[in-house]
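Here is a friendly walk through one protein chain, taken a piece at a time. Keep the picture open while you read, and try to find each residue as it comes up.

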Amino acid sequence: MPGVGEGPAKVISVSLPEGTVRALREMAGNRGVSALVAAAVEEHLRNRATASYLDEYEREHGAFDEDEKRHAANIWSSAEEREAGWRAAG
């Protein structure tokens, strides 16, 4: 079974507010809307999965302390900077 972002594309119908559709088309053009929507949905699904994992971890092991949160934020920031560099280069 394919994971998030894997497998062949499937055609679905999605209803969005008119203003959202207009903004999507202005940003991505008519042909890029599917790719932009797919990327946004994949990011949302991954974020939800990460939040669920972190909630489960904290239930089992206790809440993260401030040092752990700060360390994680630094790692996340570094990863976002690298990703931004990849996107700019691509």
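## Starting before the helix

V4 sits in the segment before α1. Keep in mind that you're looking at a predicted model. V4 counts as partly exposed because its relative accessibility is 37%.

V4 also has partners. Together with V41 and L45, V4 makes up a nonpolar patch on the surface. The accessible area of V4, V41 and L45 together comes to about 220 Å².

## A helix with a bend

Next up is helix α1, which covers residues 18-61. If a helix of 44 residues ran straight, it would span 64 Å at 1.5 Å a residue. Helix α1, though, spans only 45 Å between its end C-alpha atoms. Where does α1 bend? Look at G32: α1 bends there by about 115°.

G32 shows up again when you ask what is hidden. The buried residues of α1 are L24, G32 and V33. A23 is also found in helix α1, but A23 counts as partly exposed because its relative accessibility is 41%. Try picking out A23 and V33 in the picture: they are ten residues apart along the chain, and their C-alpha atoms are separated by 9.9 Å. Once you get past α1, you meet G62, which has a positive phi, near 95°.

## Charged partners

How many salt bridges does the structure hold? There are three. Here's the background idea: side chains of opposite charge can pair when their charged atoms come close.

Start with E42 and R46, which form a salt bridge whose closest N and O atoms are 3.9 Å apart. E42 and R46 are four residues apart in helix α1, so about one helical turn separates them. It helps to know that an α-helix has 3.6 residues a turn, so residues three or four places apart point the same way. E42 is partly exposed, with a relative accessible area of 24%, and R46 is partly exposed too, at 42%.

Now move on to helix α2, residues 66-89. K69 forms a salt bridge with E66, and the closest N and O atoms there are 3.7 Å apart. K69 and E66 are three residues apart in α2, so about one helical turn lies between them. K69 counts as partly exposed, at 43% relative accessibility.

D67 and R70 make another salt bridge, with their side chains meeting at 2.8 Å, N to O. D67 and R70 are three residues apart in helix α2, so they too are separated by about one helical turn. Is D67 buried or exposed? At 53% relative accessibility, D67 counts as exposed, while R70, at 47%, counts as partly exposed.

## Rings side by side

Time for the aromatic rings: the structure holds two aromatic pairs. Y53 and Y57 form a tilted pair, 6.4 Å centre to centre, with 45° between the planes. Y53 and Y57 are four residues apart in helix α1, so about one helical turn separates them. The rings of Y57 and F64 have their centres 5.3 Å apart and their planes at 5°, so this pair is stacked.

Put those ring pairs together and you get a cluster that links Y53, Y57 and F64. How much of each residue is accessible? Y53 counts as exposed, at 52% relative accessibility. Y57 is partly exposed, with a relative accessible area of 31%, and F64 counts as partly exposed at 25%.

## Out in the second helix

One more residue is worth finding: W86, which lies in helix α2. Is W86 buried or exposed? W86 counts as exposed, because its relative accessibility is 61%.

To finish, find S13 and W86 in the picture. W86 and S13 are 73 residues apart in sequence. In space, they are 31 Å apart, C-alpha to C-alpha.

Key. Residues are numbered from 1 along each chain as its sequence is written. This is a predicted model: local features need pLDDT of at least 70, side-chain atom pairs count only at pLDDT 80 or more; totals for chains, interfaces and linings use all residues. Side-chain values use heavy atoms; hydrogens and water are left out. Helices (H or I, at least four residues) and strands (E, at least two) are DSSP runs, numbered from the N terminus. The expected span of a helix is 1.5 Å times one less than its number of residues. The bend at a residue is the angle between axes fitted to the seven residues ending there and the seven starting there. Buried means under 20% relative accessible area, exposed over 50%, partly exposed in between (1.4 Å probe, protein chains only). A salt bridge is a side-chain nitrogen of Lys or Arg within 4 Å of a carboxyl oxygen of Asp or Glu. Patches are made of residues with over 30% relative accessible area and no salt bridge: like charges are joined within 9 Å, nonpolar side chains (Val, Leu, Ile, Met, Phe, Trp, Tyr) within 5 Å. Accessible areas come from the Shrake-Rupley method with a 1.4 Å probe; for residues, only the protein chains shown count as cover. Rings of Phe, Tyr and Trp (its six-membered ring) pair if their centres lie within 6.5 Å; planes under 30 degrees apart count as stacked, over 60 as edge-to-face and the rest as tilted.
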